[in-house]
Amino acid sequence: MYSVIRHTFDIDVKDKYNSQGEWKHFVWLFDTEEEAMTYAITLLDNPLLTANEHYLNHAIETLQEGKFFQVGRESVAVGKVMGKLQVEFKEEH
């Protein structure tokens, strides 16, 4: 199983003097690496990339080769899901 991870900074601009932002982290699961990569490429939607075909092609190539791409505060990665861990926490008295 494979995952696609996206880190993004979401800004809510109420007006030019008042805005707030927060980090958001999203994960999607896929059965194959090919499915995950296909979806990850669709997340390369930053205006800096979509406005320039050369930049977008470089981003896709970098993502396919290194399983990670970042532009500004935005990043997309493809990872292998290692399984669920069983973590036990001990209460201290």
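**Exercise 1. In which strand does Val-27 lie?** Describe its surroundings.

Solution. This is a predicted model, in which local features need pLDDT of at least 70 and side-chain atom pairs count only at pLDDT 80 or more, while totals for chains, interfaces and linings use all residues. Residues are numbered from 1 along each chain as its sequence is written, and side-chain values use heavy atoms, with hydrogens and water left out.

Step 1. Val-27 lies in strand S2, residues 18-30. Helices (H or I, at least four residues) and strands (E, at least two) are DSSP runs, numbered from the N terminus.

Step 2. Val-27 has 53% relative accessibility and therefore counts as exposed. Buried means under 20% relative accessible area, exposed over 50%, and partly exposed in between (1.4 Å probe, protein chains only).

Step 3. Leaving aside residues up to four places away in sequence, Val-27 touches Ser-3, Val-4 and Ile-5; contact means heavy atoms within 4.5 Å. The C-alpha atoms of Val-27 and Ile-5 are 4.6 Å apart, although 22 residues separate the two along the chain.

Step 4. Val-27 also belongs to a nonpolar surface patch with Met-1, Leu-29 and Val-81, together about 360 Å² of accessible area. Met-1, in the segment before S1, is partly exposed at 46%.

**Exercise 2. Which residues does Thr-8 touch?** Place Thr-8 in the fold as well.

Solution. Step 1. Thr-8 is part of strand S1, residues 2-15. Its relative accessibility is 13%, so Thr-8 counts as buried.

Step 2. Not counting residues up to four places away in sequence, Thr-8 touches Glu-22, Trp-23, Lys-24, Phe-26, Arg-73 and Glu-74.

Step 3. With Glu-74, the side chain of Thr-8 makes a polar contact of 2.6 Å. A polar contact is a pair of N or O atoms within 3.5 Å; within protein, one must be able to donate a hydrogen and the other to accept it, and residues adjacent in sequence count only if both atoms are side-chain atoms.

**Exercise 3. Which residues are linked in a network of salt bridges?** Trace each pair, then turn to Lys-67.

Solution. Step 1. The structure holds 4 salt bridges, each a side-chain nitrogen of Lys or Arg within 4 Å of a carboxyl oxygen of Asp or Glu.

Step 2. Asp-45 pairs with Arg-6, with closest N and O atoms 2.8 Å apart. Asp-45 is in the loop between H1 and helix H2 (47-50) and Arg-6 in strand S1, so this pair ties together parts 39 residues apart in sequence.

Step 3. Arg-6 also meets Glu-74 in a salt bridge of 3.4 Å, N to O. This pair links strand S1 to strand S4, 68 residues apart.

Step 4. The network therefore consists of Arg-6, Asp-45 and Glu-74. Arg-6 and Glu-74 are both buried, whereas Asp-45 is partly exposed at 39%.

Step 5. Lys-67 forms a salt bridge with Glu-33, the closest N and O atoms being 3.3 Å apart. Lys-67 lies in the loop between H3 and S3 and Glu-33 in helix H1, so parts 34 residues apart in sequence are tied together. Lys-67 is partly exposed at 28%, and Glu-33 is partly exposed at 30%.

Technical notes: Patches are made of residues with over 30% relative accessible area and no salt bridge: like charges are joined within 9 Å, nonpolar side chains (Val, Leu, Ile, Met, Phe, Trp, Tyr) within 5 Å. Accessible areas come from the Shrake-Rupley method with a 1.4 Å probe; for residues, only the protein chains shown count as cover.
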